[in-house]
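Student: I have the sequence and the model open, and I would like to go through the ligand site with you. Shall we start?

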Amino acid sequence: MLRFDVITIFPDFFREAFDYGITRRALAAGLVETKVHDLRHWCTDKHRTVDDRPFGGGDGMVLKADPIFAAINDITGFRRRGDYPKDTRVVLLSPQGLVFTQSLAADLATIASQIVLICGRYEGVDERVAEALATDEISIGDYVLSGGEPAAVVVVDAVVRLLPGALGSETSATYESFSDGLLDYPQYTRPPNLEGLHVPDVLLKGNHAEIARWRREEALKKTERNRPDLLKDSQV
Ligand code: 9D3
C-alpha cells in the first residue's frame, strides 16, 4: 500500500482529482490511499497566516516554513529529512526542482510506501523546506504554474499507474523512456473513410510485417519532427 499525503493551501483543488481512471481503480483496490491536508491547519496565529515577506526584500510573498515543518512532523512522525525511513519520500514541488521523468516516477513507485507532496505557491517557499525536509525537489517542466497543485496531480497519476496491480504497470515493462525511446506510431480506428479522410491503406491490408515496418517508420518521422531530443539518446 502506497500512501500519498498532499499539503496544500487549496485542498478543494483535489476534490475530484483522483476519482478517475487508473487512480480511481487503484484507490478502490486498496493499492493506494490519498490524503489531502490544508496547510492552514498547522498555522497557529489568529489569521492562519501561510506566507510572509521575503528577508532581504523583493516582490511577492514566501510560503512560511514553520507550518510546513509542523505538518511534516504530524504526517510522517519525523522532524527532519535524515530521520525518515528509506521508503518515505517528501517531495517539494517547485520550479527549481529536478524535471520529473518516467524514471523518477518508477523510482518513487518502487521505493516508496509514503510520499508526501508539498505544493509550493506565491513567489516561492522558505528554502529551509528544501534544505531540511524534502528528500526530492521536483518540477514538472519548463513553464510557469501558479502553484504546485497541478504538478502534484501529475506526480500521483504517473506513479500510481506503475504500481504492481494497477492497470498500466504491465503495459509499460520498460519504465526508462517511452518504450523504445520513440513517440508512439499513429493509430486509427473505424470508420476507414471519415469525410474523405482515409486510414492508410497498409493498415487495412493485414500484412503484419508491412504494418510493423510502417509503424516504425511513422514513429521515427514523428519523433524527428516533434521530439528530436529523444533521438539523440535512443539506439534506433
Ligand atoms: C521561476 C518562477 N519564479 C520567478 C520569481 C516565480 C514562481 C512562479 C511559479 C514561483 C512559484 C511558482 C509556482 N509554481 C510551482 O510551484 C511549481 C511548478 C511550476 O511553476 N512549473 C513546473 N513545475 C512546478 S512544480 C511547482
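Student: How do the residues of the shell around the ligand divide into nonpolar, polar and charged?

Tutor: Happy to start there. This is a predicted model, where local features need pLDDT of at least 70, side-chain atom pairs count only at pLDDT 80 or more, and totals for chains, interfaces and linings use all residues. Residues are numbered from 1 along each chain as its sequence is written, and side-chain values use heavy atoms, with hydrogens and water left out. Counting Ala, Val, Leu, Ile, Met, Phe, Trp, Tyr, Cys and Pro as nonpolar, Asp, Glu, Lys and Arg as charged, and the others, Gly among them, as polar, the shell has 9 nonpolar, 8 polar and 1 charged.

Student: Which residues are the closest to the ligand?

Tutor: A residue belongs here if one of its heavy atoms lies within 4 Å of the ligand. By that rule 18 residues surround the ligand, and the closest are Y122, I140, G141, Y143 and L145.

Student: Which residue has a polar backbone atom 2.8 Å from a nitrogen atom of the ligand?

Tutor: Let's look at pairs of N or O atoms within 3.5 Å, the cut-off for a polar contact. A backbone N or O atom of I140 is 3.0 Å from a ligand nitrogen, and one of L145 is 2.9 Å from a ligand oxygen. The 2.8 Å pair with a ligand nitrogen belongs to Y143.

Student: Which strand gives the most to the shell around the ligand?

Tutor: Strands here are DSSP runs (E, at least two residues), and helices are runs of H or I with at least four residues, both numbered from the N terminus. Strand 5 (88–99) and strand 8 (136–139) each supply at least two shell residues. With 4 residues, the one that gives the most is strand 5.

Student: What is the volume of the second largest pocket?

Tutor: That is the pocket whose space the ligand takes, going by the rule that more than half of a molecule's atoms lie within 2 Å of the grid points. A pocket is an open set of points on a 1 Å grid over the protein atoms alone, where a 1.4 Å probe fits, with protein on both sides within 12 Å along at least five of seven lines; lining residues have an atom within 4 Å of a point. Joining points across faces, edges and corners and filling the space with probe spheres gives about 360 Å³.

Student: Where is P191?

Tutor: A cis peptide bond joins R190 and P191, with omega about 5 degrees. Most peptide bonds are trans. P191 sits in the loop between helix 5 (149–160) and strand 9 (193–194).

Technical notes:
A polar contact is a pair of N or O atoms within 3.5 Å; within protein, one must be able to donate a hydrogen and the other to accept it, and residues adjacent in sequence count only if both atoms are side-chain atoms.
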